[in-house]
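Please find below a colleague's reading notes, set out as numbered points. They are meant to be read beside the displayed coordinates.

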Amino acid sequence: MSNTSSQSTLPTLPISDFDASHLEEEHVHKVYNDIAHNFSDTRHKPWPRVVDFLRLFPSGSLILDVGCGNGKYMNIRDDFMMIGCDRSEGLLKICRDRGYQVFLSDCMKIPVPTNMFDGAICIAVLHHISTESRRLAALREIVRLLKPGGQALVTVWAKEQQVENKKSTYITKNAKPSCPNHATHEETKELSIHTPRTEFQRSDCLVPWTKPNEKLLRYYHVFVRHELERTLAHIPEAKIVNSYNDDGNWCIIFMKIA
């Protein structure tokens, strides 16, 4: 399965766990390894709401950054221990070069003890997982590794990039999305290619990342309003503390209660 937009056949929505794993390997893991340095160069500034969340923890806390990317949240504070994990070896190398404590891990099976962390963040990761059952597994894993009373912040890309009549900064003024042939895509279950900086037409899509002479396609599942809360509701040990939209991202803070 090629990553380029010139491919004759686009990937399809997965119908099995094997299909989902293959889709994520080809259109998430391999892509982020390929673009690691270019991607990192565009990710400097931490999101203020994530910084605010990390500042809530007392000194000496142990925090896990699930899907840490280039580690842009790992030096927010120097009075607690922060560890990161990610599926991209390229991004982990950038973290290690910066002196951060990180390890390679799939977010659906993180090799750490149960009840180990005081808190966790998972920023812009869950939307790269291609089935609801796998997204639920990732959330269960975050709940598992938290201590009772520990809190986590999870953020995902929102399908609704306009909330309360306010467009997110992702949307370019007067941008017009491409209109995929819906009949064709419904018949074949092919994923359509999203037009960057426009409203999302479908929940599951491929978002281009352009390199010189090459366009790589990243898989995204963009979440509709309250979808994240409905998924988390399947985990009885998780209690929602707060949920909100932050500039085109659905965000949820939850606590482990048992």
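**Notes on a sheet, two helices and their salt bridges**

1. The sheet considered here is open and consists of three strands in the order 8-9-10, with mixed pairing. Its edges are formed by strand 8 (192–193) and strand 10 (214–221), and because each of these has a single partner strand, one side of each is left without a neighbour in the sheet. It should be kept in mind throughout that the model is predicted.

2. Between strand 9, which covers residues 204–211, and strand 10, the pairing is antiparallel and extends over eight bridges. One point of reference for following this pairing by eye is Pro208, whose bridge partner in strand 10 is Leu217.

3. Helix 1, comprising residues 17–34, lies across strand 9 and strand 10, and its direction makes an angle of about 125° with that of strand 10. A salt bridge also connects the helix to this part of the sheet, since Lys211 and Asp34 form such a pair with their closest N and O atoms 2.9 Å apart. Lys211 belongs to strand 9 and Asp34 to helix 1, and the pair thereby links parts of the chain that are 177 residues apart. Both partners are partly exposed, Lys211 with a relative accessible area of 21% and Asp34 with a relative accessibility of 39%.

4. Helix 5 has a length that can be checked against expectation: its 14 residues (132–145), taken at 1.5 Å a residue, should span 20 Å, and the end C-alpha atoms are indeed 20 Å apart, so the two values agree. Many positions along this helix are buried, among them Arg134, Arg135, Leu136, Ala138 and Leu139, and also Glu141 and Ile142.

5. Which residues does Arg134 touch, if those up to four places away in sequence are not counted? The contacts are Asp17, Ala20, Ser21, Glu24, Met108 and Ile129. Arg134 is a residue of helix 5, and its relative accessibility of 8% is the reason that it counts as buried, the cut-off being under 20%.

6. Among the contacts of Arg134, Asp17 deserves separate mention, because the side chains of Asp17 and Arg134 meet in a salt bridge with an N to O distance of 2.8 Å. Asp17 is in helix 1 and Arg134 in helix 5, so this pair ties together parts that lie 117 residues apart in sequence. The partners are not alike in their accessibility, for Asp17 is partly exposed with a relative accessible area of 49%, whereas Arg134, at 8%, counts as buried.

7. A further salt bridge is found between Asp118 and Lys147, where the closest N and O atoms are 3.2 Å apart. Asp118 lies in strand 4 (residues 117–123) and Lys147 in strand 5 (residues 146–157), so that parts 29 residues apart in sequence are tied together by this pair. Asp118 counts as partly exposed at 22% relative accessibility, and Lys147 is likewise partly exposed, with a relative accessible area of 32%. Turning back to Arg134, salt bridges that share partners join this residue with Asp17 and Glu24 into one network.

8. How many salt bridges does a search of the whole structure find? The search finds nine, including the pairs Asp17 with Arg134, Lys211 with Asp34, and Asp118 with Lys147.

How values were computed:
Residues numbered from 1 in each chain as written. Predicted model: local features only at pLDDT ≥ 70, side-chain atom pairs only at ≥ 80, totals over all residues. Heavy atoms only, no water. Helix = DSSP H or I, 4+ residues; strand = E, 2+ residues; numbered from the N terminus. Expected span 1.5 Å × (residues − 1). Buried < 20%, exposed > 50% of the residue type's maximum accessible area, 1.4 Å probe, protein only. Contact = heavy atoms within 4.5 Å. Pairing = 2+ DSSP bridges. Axes fitted to C-alpha atoms, helices over the stretch in contact; angles between N-to-C directions. Salt bridge = Lys/Arg side-chain N within 4 Å of Asp/Glu carboxyl O.
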